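Trainee: I am new to this structure and would like to understand the reasoning behind the terms used for it. Could we take them one after another?

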Amino acid sequence: MSQTTIDPRSLRAPPRRPLRLSWSDERVRAIVWQILVVGLLGAILWWLWSNTVHNLEVRRIATGFGFLSREAGLPIAENLIPYSPTDTYFRALLIGFLNTLKVAVVGIVLATIFGTLIGIARLSKNWLLSKIAGVYIEVIRDLPLLLQLLFWYAILQGLPGPRQALNPVDGVFLSNRGLKLPWIEWQDAHSYALLAFVLGAVFTWFYRRDAIAKRILDGRPRPVWPMALGCLVALPLAVWAAAGAPWTVDWPELRGFNFRGGLNMSPEYFALLLGLTTYTAGFIAEIVRAGILAVPHGQWEAAQALGLRSGQVLKQVVLPQALRVIIPPMTSQYLNITKNSSLAVAIGYQDIVSIANTTLNQTGQAIEGIAIIMLVYLSISLSISLFMNWYNARIALVER
Amino acid sequence: MPQFGLFLKRAVGMAALGLTLALPGLAQAQQAAPANTLDAVRGRGQLICGVNTGLAGFAQPDSQGVWRGFDVDYCRAVAAAIFGDPSKVRYVPTTAQVRFTALQSGEVDLLSRNTTWTLSRDTALGLDFAATNFFDGQGFMVKTSLGLKSAKELEGATICVQPGTTTELNLADWARANRVRFTPVVIERLEEIVGAFVAGRCDAYTTDVSGLAATRAAQPKPDDYAILPEVISKEPLALGVRQGDARFADIVRWTHYLLLSAEEFGITQANVDQMANDPRPEVQRILGRNGELGKMLALDNLWAVNVLKAVGNYGEAFDRNLKPIGIQRGPNALWTTTGGLQYSPPFR
């Protein structure tokens, strides 16, 4: 746009009036009110703070975050990074934070996939499929999440004990101690292969972007899949083979009271993940349905008239428009999963709330404990919001 | 759903703690500054007592919804000492994790809830322990079908434990010292953790031996469960009051000693009126016929008569609540008669 189209009057500054020290001057009034409000707010905060400190002192309740470096002594069942009860409270809380992340992130991914499928199923022309999806959504959304979590946990506890574990496939055991899967013994070679895969994925993404850009210029399609295959499969395999191709499967086996080895998913984690996923999927399904219905029918017809197949219509025409409607409410569902994961305490999954509660119970420092919980949820929620806002801006309608 | 109530209660408790610590005016209204719990209780006309959420023998509502148990009797005794009426109590069920917050925030006046007296709790949590009313120790319970003889055989086991307890910490210490690896399952609500153990989620359940006995007795088939012989810790279960309120702590402490002394001198719920004519000088002092011991505690001089009429002596309270679930006197016998640990300073 050229400069000349702008109305020059809009660039002109308003006339400056001298500041009069009088109540009738709008700017003076504004300044006075602002000083008053900020001062009052500051005074209230100071009053609350000083009273808290004073009362804590009178009652000889310890204050400060010094306890973080003391030995925690608590046993924790599930930890992504090494932990023993001799570690500090800080590390115990870190484990809790990672456990919260573990359930929230996996829950978000699964709920999105599951919810999208149900949302599409509800729009299906197949009567039975759409009714089943409808009933699922209504039932799941109408029951309290806590009740559902207790329900899933009770069901998982009803499974047979480890000695009578269900064994549907060789090496897979399902018992009231959780789900056991065979797992490869992780060695350095596997880490290198994983790194190669990640690098390959990044490269493939740039390659695809480049291919699309070139296609827009000259109209010739350039297949991406040979490069993707090479980067995502051949490269990691080659790295793994070069590192000696180690391959030892760690089979779970019953020894003593319980299974040893293999990958373990505890009933607590499983129940929480199942509950959060199925519950949130019900909401996501409705969001997806609303998003798809928000695309005018004419768009479908126009795309079909152009000769696109129905998969292409969905992928190229409808979804890009539907996503603009879907993303903002989806953000709040992701935030809900994260916050709802705190119901873990009811079924014994040691997330940040559970561990912070125990910490504040052992140390008596409730205010600090609650502050830590708030900080953790605030930072997770803000990160999700920031990412989703960025994504939303990226897919927003670009007007040219 | 009881769970919801509990979560709500926790949230309200936390908020209340924040508010009472922050707002002095509110703190006055809700529970009083540390020094006058007694006045606050009198003004309210009711003692608020923090008890367990439901532990047979210690604190559990009966079929009519009336709270009963050993810990409950201590709430009744203190209410009788203050008001002359043991029914002037409101019971607040507290979980292991929220109990100290409830006391700190003024939500309860007295914590009579099998709570272990430890140095760090005594110094850092803003509470004082008035008296040890039950000497206990931590043990393990397993299903008889496992055929275990010793806790040391629990290598690799999954063990159920309540979070926020000394039990949880002792378990970790003991496992480290004995090189026993275990997987903990921690659930806050007593009913839920016992449910998980009974369902077979855990191989063993650990808590104070008295708690194990209570849980075992409450099962449809108690013989399916066995308590292992090891006692891995000292658990002096004590009555907790807010820190810095010596007068109220004295009342709670001497109420406990009153129950002990009454047993020592043979004063029971039934004979308390006749004992008023007992010639022994200490009995005369205890029952307020002579001297002003009650007034020194800022209570009615006949406080002891009211307390003993309400709950009887220590032995009676023990036999009424704990004997039926199979708990022996053991260390809780009187020192003066059978060499136990329960011992009252003189009423003089």
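**Reading the terms against the values**

Mentor: Let us begin with the domains of chain B, keeping in mind that this is a predicted model. The domain assignment divides chain B into domain 1, made of 2-136 + 236-338, and domain 2, which covers 138-233.

Trainee: What makes a residue of domain 1 of chain B part of the contact with domain 2 of chain B, and how many residues does each domain give?

Mentor: Residues are in contact if their C-beta atoms, placed from the backbone, lie within 7 Å. By that cut-off the contact takes 18 residues from domain 1 of chain B and 17 residues from domain 2 of chain B. On the side of domain 1, strand S5 (110-116) and strand S6 (127-136) of chain B are the elements that give two or more residues, and by class this side has seven nonpolar, ten polar and one charged residues.

Trainee: Which part of chain B carries a UniProt annotation?

Mentor: An unreviewed UniProt entry places "domain: Solute-binding protein family 3/N-terminal" on residues 46-275 of chain B. In the model this span is 35% helix and 27% strand, and its end C-alpha atoms lie 29 Å apart.

Trainee: What makes S9 and S11 edge strands in the open sheet S9-S8-S10-S7-S11 of chain B?

Mentor: The sheet has five strands with mixed pairing, and two strands pair if DSSP finds at least two bridges between them. Strand S9 (182-186) and strand S11 (225-227) of chain B each have a single partner strand, so one side of each is left without a neighbour in the sheet, and they stand at the edges. Neighbouring strands of this sheet are turned by 30° against each other on average, direction ignored.

Trainee: How do you know that S8 of chain B is paired with S9(B)?

Mentor: Where at least two bridges are needed, five bridges join strand S8 (residues 157-161) of chain B to S9(B), and the two run parallel. Within these strands, Thr158(B) stands opposite Thr183(B).

Trainee: Which strands are at the edges of the open sheet S4-S1-S5-S12-S6 of chain B?

Mentor: In this sheet of five strands, again with mixed pairing, the edge strands are strand S4 (89-93) and S6 of chain B, each pairing on one side only. The average turn between neighbouring strands here is 25°, direction ignored. Strand S1 (residues 47-51) of chain B is joined to S4(B) by five bridges, running parallel, and Leu47(B) stands opposite Val89(B) in S4(B).

Trainee: Why is chain A called more spread out than a compact globule?

Mentor: The globule rule gives 21 Å for 400 residues, whereas the radius of gyration of chain A is 29 Å, well over that value, so chain A is more spread out than a compact globule. Chain A has eleven helices and seven strands, and its C-alpha atoms fill a box of roughly 85 × 80 × 50 Å along the principal axes. Its domains are domain 1 (27-60) and domain 2 (89-155 + 265-395), with 39 Å between their centres, taken over C-alpha atoms.

Trainee: How many residues of chain A and of chain B are in contact, and which helices of chain A take part?

Mentor: With the same cut-off of within 7 Å between C-beta atoms, 42 residues of chain A are in contact with 45 residues of chain B. Helix H1 (26-58), helix H4 (145-157), helix H10 (352-363) and helix H11 (366-395) of chain A each supply at least two residues of the side that touches chain B. That side of chain A divides into 19 nonpolar, 19 polar and four charged residues.

Notes: Residues numbered from 1 in each chain as written. Chains lettered and ligands numbered in written order. Predicted model: local features only at pLDDT ≥ 70, side-chain atom pairs only at ≥ 80, totals over all residues. Domains from an automatic or database assignment. Contact = placed C-beta atoms within 7 Å. Helix = DSSP H or I, 4+ residues; strand = E, 2+ residues; numbered from the N terminus. Nonpolar A, V, L, I, M, F, W, Y, C, P; charged D, E, K, R; others polar. UniProt positions renumbered as here; feature names shortened; annotations may be inferred. Axes fitted to C-alpha atoms, helices over the stretch in contact; angles between N-to-C directions. Rg over C-alpha atoms; globule rule 2.2 N^0.38 Å.
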